[in-house]
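Visitor: I would like to learn how to read a model of this kind, moving from single residues to the whole chain. Could you take me through it feature by feature?

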Amino acid sequence: MTFKQKIHSHYLQMVHDRIDVFRDMISALTEDSKNDAKGSAGDKHETALSMMHIEQEKLTNKLKEAIGQKAILDKIDASKTTENIISGSLVKANGIHLYLSVALPKIAIDGVNIIALSPQSPLGTHLIGNKVGFEFEINKTYYTIESIE
């Protein structure tokens with residue numbers, strides 16, 4: 001497994017785990033609201049149900065976001081390398097490893113820090129389509145693309 005494939009696999013697992021957690025939390029809230037409905041009445045009961053419903057909506061939105069991230073990651077072929085930067089490219093710029101896919105937390109693989117970013121992010125839009133040696137500036141910081149996998 002290549003370095004880029006390890007990164008891709010790690011991020012896929014991370015998103016899959018998030019999906020599982022959100023589904024479990026939604027199920028637990030649904031179960032709690034069913035159990036609460038059996039034994040309560042009055043304003044406190046209505047407020048509790050309303051709060052559970054709001055929390056359930058928030059979790060459902062987070063679940064949809066995670067499923068969308070997984071769909072994007074599923075489309076990426078981590079074994080593919082190109083001269084130009086595309087979604088799925090592992091780019092090294094100024095010594096920083098950037099994985100163009102979706103915005104996810106920073107991870108460390110084999111002692112190397114990796115930042116996952118969206119191609120639609122300010123940095124991502126500067127990277128897409130460019131090659132090794134390309135130089136650009138964002139927020140008064142100059143970047144040079146050192147390598148692309």
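Guide: Let us begin with one residue and its surroundings, bearing in mind that this is a predicted model. Once the neighbours within four places in sequence are set aside, Leu63 is in contact with Ile19, Phe22, Arg23 and Ile26.

Visitor: Where is Leu63 found, and is Leu63 buried or exposed?

Guide: A residue is placed first by its element and then by its accessibility. Leu63 is found in helix 2, and because its relative accessible area is 12%, under the 20% limit, Leu63 is buried.

Visitor: How far apart in space are Leu63 and Ile138?

Guide: Separation along the chain and separation in space are read side by side. Leu63 and Ile138 are 75 residues apart in sequence, and their C-alpha atoms are 32 Å apart. For another pair, Lys75 and Ser87, the sequence separation is 12 residues and the C-alpha to C-alpha distance is 9.5 Å.

Visitor: Is Lys75 buried or exposed?

Guide: The same reading applies here. Lys75 has its place in helix 2, which covers residues 43–75, and with a relative accessibility of 73% Lys75 counts as exposed.

Visitor: Which residues does His8 touch, apart from those up to four places away in sequence?

Guide: A contact list is best read together with the burial of the residue concerned. His8 touches Leu73, Ile76, Ala78 and Tyr99 under that condition. The place of His8 is in helix 1, residues 3–39, and His8 counts as buried because its relative accessibility is 7%, under the 20% limit.

Visitor: How should I read a loop residue, and where is Ser118 found?

Guide: For a loop residue, one names the elements on either side and then looks at burial and contacts. Ser118 is found in the loop between strand 4 (112–117) and helix 3 (122–127), and with a relative accessible area of 16% Ser118 is buried. Its side chain is joined to that of Gln120 by a polar contact of 2.6 Å, while its contacts beyond four places in sequence are with Ser101, Val102, Ala103 and Gly124.

Visitor: What should I look for in the backbone of the loops, for example in the phi of Asp110?

Guide: Here the sign of phi is read together with the residue type. Asp110 is not a glycine, yet it has a positive phi of about 50°; its place is in the loop between strand 3 (104–109) and strand 4, and Asp110 is exposed, with a relative accessible area of 55%. Asn139, also a residue other than glycine, has a positive phi near 50°. Asn139 lies in the loop between strand 5 (135–138) and strand 6 (141–148), and at 72% relative accessibility Asn139 counts as exposed.

Visitor: Turning to the whole chain, how many helices and strands are there in the protein, and how spread out is the protein?

Guide: One reads the order of the elements first and the overall dimensions afterwards. The protein has three helices and six strands, which run α-α-β-β-β-β-α-β-β from the N terminus on. The radius of gyration is 21 Å, well over the 15 Å that the globule rule gives for 149 residues, so the protein is more spread out than a compact globule. Along the principal axes, the C-alpha atoms fill a box of roughly 70 × 35 × 25 Å.

Visitor: What remains to be read from burial, contacts, surface and charge?

Guide: These are totals for the chain, and each is read as a separate summary. Buried residues make up 34% of the 149 residues, and among contacts between residues at least 6 apart in sequence, 58% join residues at least 24 apart. The protein exposes about 8900 Å², of which carbon and sulfur atoms supply 54%. As for charge, the mean positions of the 17 positive and 19 negative charges are 3 Å apart.

Definitions and conventions. Residues numbered from 1 in each chain as written. Predicted model: local features only at pLDDT ≥ 70, side-chain atom pairs only at ≥ 80, totals over all residues. Heavy atoms only, no water. Helix = DSSP H or I, 4+ residues; strand = E, 2+ residues; numbered from the N terminus. Rg over C-alpha atoms; globule rule 2.2 N^0.38 Å. Buried < 20%, exposed > 50% of the residue type's maximum accessible area, 1.4 Å probe, protein only. Contact = heavy atoms within 4.5 Å. Areas by Shrake-Rupley, 256 points an atom, 1.4 Å probe, with all protein chains shown as cover. Lys, Arg positive; Asp, Glu negative; His and termini not counted. Charge placed at Lys NZ, Arg CZ, Asp CG, Glu CD. Polar contact = N/O pair within 3.5 Å; in protein donor to acceptor, adjacent residues only side chain to side chain.
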